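Student: Please take one part of this model and go through it closely. I would like a connected account that starts from a single residue and works outward.

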Amino acid sequence: MVQPSPFVVNMGPQHPSTHGVLRLRLVLDGESVLDIEAVLGYLHSSKEKLQETHTYLQTIPVTDRMDYLSSMTNNLGCALAIEKLAGIPVPDRATYIRVIMSELQRIASHCAALGFFFNDMGAWHSPLMYFLQQREKVLDIFEMVCGARLTYNYIRPGGVSQDLPPEFYPVVTKFLDELPRTLDEMEQYLWDNEIVRSRTVNIGVLPRELAINSSVTGPVLRGSGVKWDIRKADPYCFFDRFDFNVPVGEKGDCFDRFMVRLYELRESIKILRQAMEQLPPGPWRSEVPVIFRPQAGDAYGHIESPRGELGYYLVSDGSVSPWRFHVRAPSFINLTALREMVIGHKLADVAVIVGSLDVVMGEVDR
Amino acid sequence: MTRSFTGDEFAAAIRRSFPGAVIQSERDAVVVQREAVRDICFYLRDNPELQFDFLSSVTATDYVDYFEVVYHLFSIAHNHSAVLKAWAEGRTNPWVPSVVAVWKGADLQEREMWDLLGVRCEGHPNLKRIMMWEGYPGHPLRKDFLEFDHRTFQAALQPTES
């Protein structure tokens, strides 16, 4: 009689489903996962130490590269923290432009997250390509505004680096008019799909109390039923002037997290329409010297990035560079909950659960 | 809007149950005795008026003579926030109590504090390096980690168990 015994299988760091260089050490009994350990650090490039040698303006391009799928929100969090530390004012037009960029970025990032989520599930590239087609339109808009498709370096302390071009308004309005129909089509063919349901419902359940205690944030926390969105709870950049809802799941399984992201796309469209309407004329940045010395002290600025609460803890010693530059990366801290979500499921569910967490290794490892 | 506790308000809230624990209160934060950190954190989480159920971030800063550990706390229930700090004197063996038992979210962040800054979190169930590999010489985010010694680095590149 053959007696099976648990054995260790290594998943990653090079693996199509781990969303980057994430290494997972799985202890398996047949196909059931007994234990999982995430081994990190394969993309660690000491960005936090690097920032200690940069001036405050030079810290912005490095933040682009942490969560590289949503650079605008990275820049925004860093700029808000620096402005808090140094007391830099921001003109209204710049704030509205920041809101527009951050919500366009949320659309692009969620399109990528959802597309790859279905890719990991085995739907291969069909839904991925439909989602990426919408993401491409957003990347074209960003290229029109600041010249870059992935790492923008656009939102700087004091405002934004340049004003919106004249063709911005018609292009974005056309995009916002066409996007809801595409989202309706995606929802129609994915929501009630039997395979999607059987692979995501009741998979990777994260109970509400554990989610709060594990410091998870973003769609993962909201999928577990906690209505906590920093845009509503601690509004920054005039988010309290916009009328939008915060979608919340019930059970905390992969399906709820997918649903939260899909509905957040629709809410972003609402916010964008209102922001475009309310956009005032005026300067797009305030007069900030290229090299400045904030007063000694510390500041913590946080925003709602597409992956969760992105926080920047900056310590200044009165010189041109930060003394300490710490990034509270949402993907990194969301991985705390991975073990509880995976244990008890099968090997095939691991890729789906990691996909529903939506980790970007650039900000996990920094 | 999240209401942030000022240093004085937060110090008063902590002093009600831990009279001697507060060392100083800054404008936005409170510095407490490091031995009392875990008990204070249990109190902050479980007291129904404070109910700091969400630990946003725990990290440390190297101030050359000492290390300062900063806890950014939020309450999802009451929508208020506060900042708690603790000092670890000296550079040879700085330590603070681990708060993993209070908030599980501190798990990976405390491992990162140990790995990159060398601040031990006493009571952490799995204090291993997280970004660098076991056997890496030194703690990279420290202010005295500046010299890149090729020989030490080559020695550290030898394969270790992982």
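Tutor: The model is predicted. A starting point is A:Ile353, which, once its neighbours within four places in sequence are set aside, is in contact with A:Ile203, A:Gly204, A:Cys254, A:Met341 and A:Val342. A:Ile353 also belongs to the largest nonpolar core, a set of 145 residues, where A:Ile353 and B:Val32 touch the most other members. The greatest contribution to this core is made by helix 4 of chain A (residues 92-123), which supplies 17 residues.

Next comes the contact between the chains. Chain A puts 28 residues into the contact and chain B puts in 24 residues. On the side of chain A that touches chain B, two or more residues each come from helix 1 (47-51), helix 8 (208-213), strand 7 (308-316), strand 8 (322-328) and helix 12 (330-334) of chain A. Strand 7 of chain A has the largest share of that side, with four residues. Sorted by class, the side of chain A that touches chain B holds twelve nonpolar, nine polar and seven charged residues.

B:Val32 leads to the other partner, chain B. Chain B has four helices and eight strands, and their order along the sequence is β-α-β-β-α-β-β-β-β-α-β-α. Computed along the principal axes, a box of roughly 55 × 30 × 30 Å is filled by the C-alpha atoms of chain B. Chain B has 162 residues, and 44% of them count as buried. Among the contacts in chain B with a separation of 6 or more, 45% are between residues 24 or more positions apart.

Methods:
Residues numbered from 1 in each chain as written. Chains lettered and ligands numbered in written order. Predicted model: local features only at pLDDT ≥ 70, side-chain atom pairs only at ≥ 80, totals over all residues. Buried ≥ 20, exposed ≤ 12 C-beta atoms within 10 Å, placed from the backbone. Contact = placed C-beta atoms within 7 Å. Core = buried A, V, L, I, M, F, W, Y, C linked by C-beta atoms within 7 Å. Nonpolar A, V, L, I, M, F, W, Y, C, P; charged D, E, K, R; others polar.
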